[in-house]
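Work through the exercises below with the sequence and the structure at hand. Try each task before reading its solution.

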Amino acid sequence: MIQVTGVDEVTDATFDTEVLGEGRPVLVEFTADWCGPCRQLAPVLGAIADEERERLRIVQIDVDHNPGTAARYGVLSMPTLMVFRAGEPVKSMVGARPKRRLLQELADVL
């Protein structure tokens, strides 16, 4: 798992509590150790987690170790970024992107 400061790891067992039960919007990165673009995205997610911690929680879930959650939301490509608000997925994006573009894409859910 690519460790990122400010980004918590969730599992199949903790997903409902940590993500669906969170008051703020939650950006979930579906990731895997073998995923190159996930490594590129790590510093971007870390920076956004730090800057937006009041408005947004960012977590990651390893799809190889937690296949249930990935299957539940139809995640096939890594990285997939999904925003959950009030327990529902409200946005989904696939692939790494620069910080500015990601923040633009998140503007409507923050």
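The exercises concern a predicted model, and each task is followed by a worked solution.

**Exercise 1. The chain as a whole**

Task: State how many helices and strands the chain has, give their pattern along the sequence, and decide whether the radius of gyration agrees with that of a compact globule.

Solution:
- Step 1. The secondary structure consists of four helices and five strands.
- Step 2. From the start of the sequence to its end, these elements follow the pattern β-α-β-α-β-α-β-β-α.
- Step 3. The C-alpha trace spans about 30 × 30 × 20 Å along its principal axes.
- Step 4. For 110 residues, a compact globule would have a radius of gyration near 13 Å; the chain has 12 Å, so the two agree.
- Step 5. Of the 110 residues, 48% are buried.
- Step 6. Among contacts with a separation of 6 or more, 72% are between residues 24 or more positions apart.

**Exercise 2. The sheet**

Task: Give the order of the strands in the sheet and find which strands stand at its edges.

Solution:
- Step 1. The five strands make an open sheet with mixed pairing, in the order β1-β3-β2-β4-β5.
- Step 2. The edge strands are β1 (8-9) and β5; each has a single partner strand, so one side of each has no neighbour in the sheet.
- Step 3. At one edge, β1 pairs with β3 (residues 57-62) in the parallel sense, over two bridges. Within this pair, glutamate 9 stands opposite glutamine 60 of β3.
- Step 4. Helix α2 (residues 36-51) packs on the sheet and touches β2 (26-31), β3 and β4. The direction of α2 makes about 165° with that of β2.
- Step 5. Helix α4 (residues 99-106) also packs on the sheet, touching β2, β4 and β5. The direction of α4 makes about 150° with that of β5.

**Exercise 3. Strand β4 and its partners**

Task: Describe how β4 pairs with β2 and with β5, and determine how many of the residues of β4 are buried.

Solution:
- Step 1. Five bridges link β2 and β4, in the antiparallel sense. Here phenylalanine 30 stands opposite threonine 80 of β4.
- Step 2. β4 (residues 80-85) and β5 (residues 88-94) also run antiparallel, joined by six bridges.
- Step 3. Methionine 82 has serine 92 of β5 as its bridge partner, and valine 83 has lysine 91 of β5.
- Step 4. The hairpin of β4 and β5 has two residues between the strands, and alanine 86 takes a positive phi near 55° in this hairpin.
- Step 5. Five of the six residues of β4 are buried, so the strand is largely enclosed by the rest of the structure.

**Exercise 4. Lysine 91**

Task: Find what the side chain of lysine 91 reaches, and list the contacts of this residue beyond its neighbours in sequence.

Solution:
- Step 1. Lysine 91 belongs to strand β5.
- Step 2. Its side chain reaches the backbone oxygen of glutamate 105 at 2.9 Å.
- Step 3. The lysine 91 side chain also makes a polar contact with the side chain of aspartate 108, at 3.1 Å.
- Step 4. With neighbours within four places in sequence left aside, lysine 91 is in contact with Leu81, Met82, Val83, Glu105, Asp108 and Val109.

**Exercise 5. The disulfide**

Task: Decide whether cysteine 35 and cysteine 38 are buried or exposed, and describe the link between them.

Solution:
- Step 1. A disulfide is a covalent bond between the sulfur atoms of two cysteines.
- Step 2. The sulfur atoms of cysteine 35 and cysteine 38 are 2.2 Å apart, and the cut-off for a disulfide is 2.5 Å. The two residues form a disulfide, and the count for the model is one.
- Step 3. The link is right-handed, with 85° about the S-S bond.
- Step 4. Buried means under 20% relative accessible area. Cysteine 35 has 3% and so counts as buried; cysteine 38, with 1%, is buried too.

**Exercise 6. Arginine 100**

Task: Place arginine 100 in its element and decide whether this residue is buried or exposed.

Solution:
- Step 1. Arginine 100 lies in helix α4.
- Step 2. The cut-off for exposed is over 50%; arginine 100 has a relative accessible area of 69%, so this residue is exposed.
- Step 3. Arginine 100 and isoleucine 48 are 52 residues apart along the chain, while their C-alpha atoms are separated by 9.8 Å.

Notes: Residues numbered from 1 in each chain as written. Predicted model: local features only at pLDDT ≥ 70, side-chain atom pairs only at ≥ 80, totals over all residues. Heavy atoms only, no water. Buried < 20%, exposed > 50% of the residue type's maximum accessible area, 1.4 Å probe, protein only. Pairing = 2+ DSSP bridges. Polar contact = N/O pair within 3.5 Å; in protein donor to acceptor, adjacent residues only side chain to side chain. Contact = heavy atoms within 4.5 Å. Axes fitted to C-alpha atoms, helices over the stretch in contact; angles between N-to-C directions. Rg over C-alpha atoms; globule rule 2.2 N^0.38 Å.
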